[in-house]
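Please walk me through this model in the viewer, one selection at a time. I would like to know what to pick next and what is found there.

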Amino acid sequence: MSANSIHSHEKEGVPRVSGENGSALRQQMTAEEHEVARAAARFGYGPLAEVNPTESGLRPFGGELQPGLYKSVADRKFGNPAPLGLSAFALTTFVLSAINMGAHDITAPNIVVALAFGYGGLVQLCAGMWEMAVGNTFGATALSSYGGFWIAFAIVLTPGGFDIAESLGGATSWNFNSSMGIFLMGWFIFTTILLFCTLKSTVAFFCLFFFLDLTFLLLGISYLQGDGTAPVASIQKAGGFFGLLSAFAAWYNALAGIADTSNSFFIIPVAHFPWSPTGKTRRAKSDRETV
């Protein structure tokens, strides 16, 4: 590819990939893939983003469950485990949140036990371990922890298994509801810690943990402020609502991590906070353009 051709792409708003890798990449891409990659570059990621894989870090990206700068994945032998973990979290959260909101007048969350053990628990825990293998500490901590949450939640709800609810006097007892409230408030504290780490990431990434944080807070309050036999229905429904938002935010980030030029005709838009690395770069360019 000639220098004039590369220069024309820069005029069109596509950041230049430095070195021979960038030139070889453009030669291998079809025209259609190039258009999709150009769109991705405008959102701050993708094969045409302004990144030198040998020197620089990639920008924060929810599809990789990376809230900060991280190394290039071009030469990584592992796939991206984040969409798998996010999808496992999203589906299990969606079902439980729908029940918390009273969908179809379902009153007992027993159907969640199977999902919590198999998908939200085991599969998400495995994804978290794979995140550790690829060097993503945040992703490993988040996915493994929430995988453990779903397994623990399923253990509590397993009828005739561990007899946890029965040992506390049953699901309608004061001891059980207070214990469940403390359990959920602990997860609210943990999620708040993770939320702080997403403040320099993308809006969708932040919203995932923000909605989840509100979910744990409201559900914890509903159990602690109940009459001792059941959680406060209105607060529980509010928690279910934010749980649904959290589930869809997780699916959104998962799709952002799955869709690329090899399998999709479009790239998922990723909005960046103005104080994020990408936001600062864009603001600096705008300031220069107005001078």
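In which hand does H9 pass H10? The crossing of H9 with H10 is left-handed. Keep in mind throughout that this is a predicted model.

**The whole chain**

Start with everything shown as a cartoon. The chain has eleven helices and zero strands, so the pattern read along the sequence is α-α-α-α-α-α-α-α-α-α-α. Switch on the surface next. The accessible surface comes to about 14,400 Å², and carbon and sulfur atoms hold 64% of that area. Of the 291 residues in the chain, 45% are buried. Contacts can be sorted by separation along the sequence: taking those between residues at least 6 apart, 66% join residues at least 24 apart.

**First stop: H9 and H10**

Select residues 203–224 for helix H9 and residues 233–258 for helix H10. Their axes are 8 Å apart, and the helices pack at an angle of about 160°. An angle over 145 degrees counts as roughly antiparallel, and H9 and H10 are therefore roughly antiparallel to each other. Colour the contact by residue class: 18 residues are nonpolar and eight are polar, with no charged residues in the contact of H9 with H10.

**Second stop: H6 and H9**

Keep H9 selected and add helix H6, residues 137–157. The axes of H6 and H9 come within 15 Å and cross at roughly 30°. The cut-off for roughly parallel is an angle under 35 degrees, which makes H6 roughly parallel to H9. This crossing of H6 and H9 is left-handed.

Now show side chains. On the H6 side, pick Phe138, Ala142, Tyr146 and Phe149; they meet Phe205, Phe209, Leu212 and Phe216 in H9. By class, the contact of H6 with H9 has eight nonpolar residues, no polar ones and no charged ones.

**Third stop: H6 and H8**

Hide H9, leave H6 in view and select helix H8, residues 174–196. How far apart are the axes of H6 and H8, and at what angle do the two helices pack? The axes are 11 Å apart and the angle is about 170°. H6 and H8 are therefore roughly antiparallel to each other.

From H6, the contact takes in Phe138, Thr141, Ala142, Ser145, Tyr146, Phe149, Ala152, Phe153 and Val156. From H8, select Phe176, Met180, Phe183, Leu184, Trp187, Phe190, Thr191 and Leu194. The contact of H6 with H8 divides into 14 nonpolar, three polar and no charged residues. Phe138, Ala142, Tyr146 and Phe149 of H6 may be familiar from the previous stop, where they meet H9; they are also among the H6 residues that contact H8.

**Fourth stop: two loop residues**

Leave the helix pairs and look for His104, which lies in the loop between helix H4 (82–100) and helix H5 (112–133). Its phi is near 55°, a positive value in a residue other than glycine. Is His104 buried or exposed? His104 has a relative accessible area of 78%; the cut-off for exposed is over 50%, so His104 counts as exposed.

Then move to Asp163, in the loop between H6 and helix H7 (164–167). Phi of Asp163 is also near 55°, again positive in a residue that is not glycine. With a relative accessibility of 38%, Asp163 counts as partly exposed.

Technical notes:
Residues are numbered from 1 along each chain as its sequence is written. This is a predicted model: local features need pLDDT of at least 70, side-chain atom pairs count only at pLDDT 80 or more; totals for chains, interfaces and linings use all residues. Side-chain values use heavy atoms; hydrogens and water are left out. Helices (H or I, at least four residues) and strands (E, at least two) are DSSP runs, numbered from the N terminus. Buried means under 20% relative accessible area, exposed over 50%, partly exposed in between (1.4 Å probe, protein chains only). Contact means heavy atoms within 4.5 Å. Accessible areas come from the Shrake-Rupley method with a 1.4 Å probe; for residues, only the protein chains shown count as cover. Axes are lines fitted to C-alpha atoms, for helices over the stretch in contact, and angles run from 0 to 180 degrees between N-to-C directions. Angles under 35 degrees count as roughly parallel, over 145 as roughly antiparallel, 65 to 115 as roughly perpendicular and the rest as oblique. A crossing is left-handed if the near helix is turned anticlockwise from the far one by less than a right angle, and right-handed if clockwise. Ala, Val, Leu, Ile, Met, Phe, Trp, Tyr, Cys and Pro count as nonpolar, Asp, Glu, Lys and Arg as charged, and the others, Gly among them, as polar.
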